[in-house]
Amino acid sequence: MSLDGTYDPDNIFAKILRGEAPCARVFEDDHVLSFMDVFPQTKGHTLVIPKHSTARNLLEEDPQILSPLILGVQRVARAVRAALEPDGVVITQFNGAVAGQTVFHPHFHILPRWEGVAVGRHAAGGMADLNELKDLAGKISAKIA
Ligand code: AMP
């Protein structure tokens, strides 16, 4: 999928938002939902998505949705840091398939990093165990301020 196109209401994140697909939930408020990435590139790889979006990427997003989204990203990233004590935190997002985007609902990745620990390849690792992800989600959730 290129940068152009129409929003698919059956993308996996839209299904998670409607409760039609499971997730290891970390946090939610009126504007954002945060959950663990099922193909984690590092331990604690967390996603933050807007709840009320019909944009496919950041470039299309309404500024009124973007503002609480980035605040949610900061809030969850702080909780990831507090829960897992990484040496660094990567925050990233991709726009268009060529850029690496695989789910066409806006989202930010939060990847805790540790000195000397390699990061897995984007969208190419193995699927994590949902119970393990729920355990991690609980630890991060407990640190949401
Ligand atoms: P992107 O490639 O930037 O669009 O990111 C999409 C991310 O969603 C990837 O890192 C996938 O591992 C992740 N992902 C795909 N399906 C699910 C799912 N059902 N639950 C949680 N994360 C998912």
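**Exercise 1. Describe the largest pocket by its volume, its lining and the elements that contribute to it.**

Step 1. The volume of the largest pocket is about 470 Å³, where a volume is the space filled by probe spheres set on grid points joined across faces, edges and corners. On a 1 Å grid over the protein atoms alone, a pocket is an open set of points with protein on both sides within 12 Å along at least five of seven lines, a cavity is a set where a 1.4 Å probe fits but cannot get out, and lining residues have an atom within 4 Å of a point. The model is predicted, so that local features need pLDDT of at least 70 and side-chain atom pairs count only at pLDDT 80 or more, while totals for chains, interfaces and linings use all residues. Residues are numbered from 1 along each chain as its sequence is written, and side-chain values use heavy atoms, with hydrogens and water left out.

Step 2. The lining of this pocket has 27 residues, and Phe-13, Asp-37, Val-38, Phe-39 and Leu-47 lie nearest its centre. Two or more lining residues come from each of α1, β2 and α3 (130–141), where helices (H or I, at least four residues) and strands (E, at least two) are DSSP runs numbered from the N terminus. The element that gives the most is α1, with 3 residues.

Step 3. By class, the lining holds 18 nonpolar, 8 polar and 1 charged residues, with Ala, Val, Leu, Ile, Met, Phe, Trp, Tyr, Cys and Pro counted as nonpolar, Asp, Glu, Lys and Arg as charged, and the others, Gly among them, as polar.

**Exercise 2. Work out where the ligand sits and which residues surround the ligand.**

Step 1. The ligand takes up the space of the largest pocket, the criterion being that more than half of its atoms lie within 2 Å of the grid points.

Step 2. Around the ligand there are 17 residues, the closest being Asp-37, Thr-102, Val-103, His-109 and His-122; a residue is near if one of its heavy atoms lies within 4 Å of the molecule. This shell comprises 10 nonpolar, 6 polar and 1 charged residues. At least two shell residues are supplied by each of α1 (12–17) and β2 (32–36), and α1 gives the largest share, 3 residues.

Step 3. Oxygen atoms of the ligand lie 2.6 Å from a polar side-chain atom of Thr-102, 2.9 Å from a backbone N or O atom of Val-103, and 2.8 Å from a side-chain N or O atom of His-109. On its own the ligand has 500 Å² of accessible area, of which the protein covers 91%, as computed by the Shrake-Rupley method with a 1.4 Å probe, with only the protein chains shown counting as cover for residues.

**Exercise 3. Characterise the largest cavity.**

Step 1. There is 1 cavity of 30 Å³ or more, and the volume of the largest is about 40 Å³.

Step 2. Its lining includes Asn-57, Gln-93, His-105 and Phe-108, and by class this lining has 4 nonpolar, 6 polar and no charged residues.

Terms used: A polar contact is a pair of N or O atoms within 3.5 Å; within protein, one must be able to donate a hydrogen and the other to accept it, and residues adjacent in sequence count only if both atoms are side-chain atoms.
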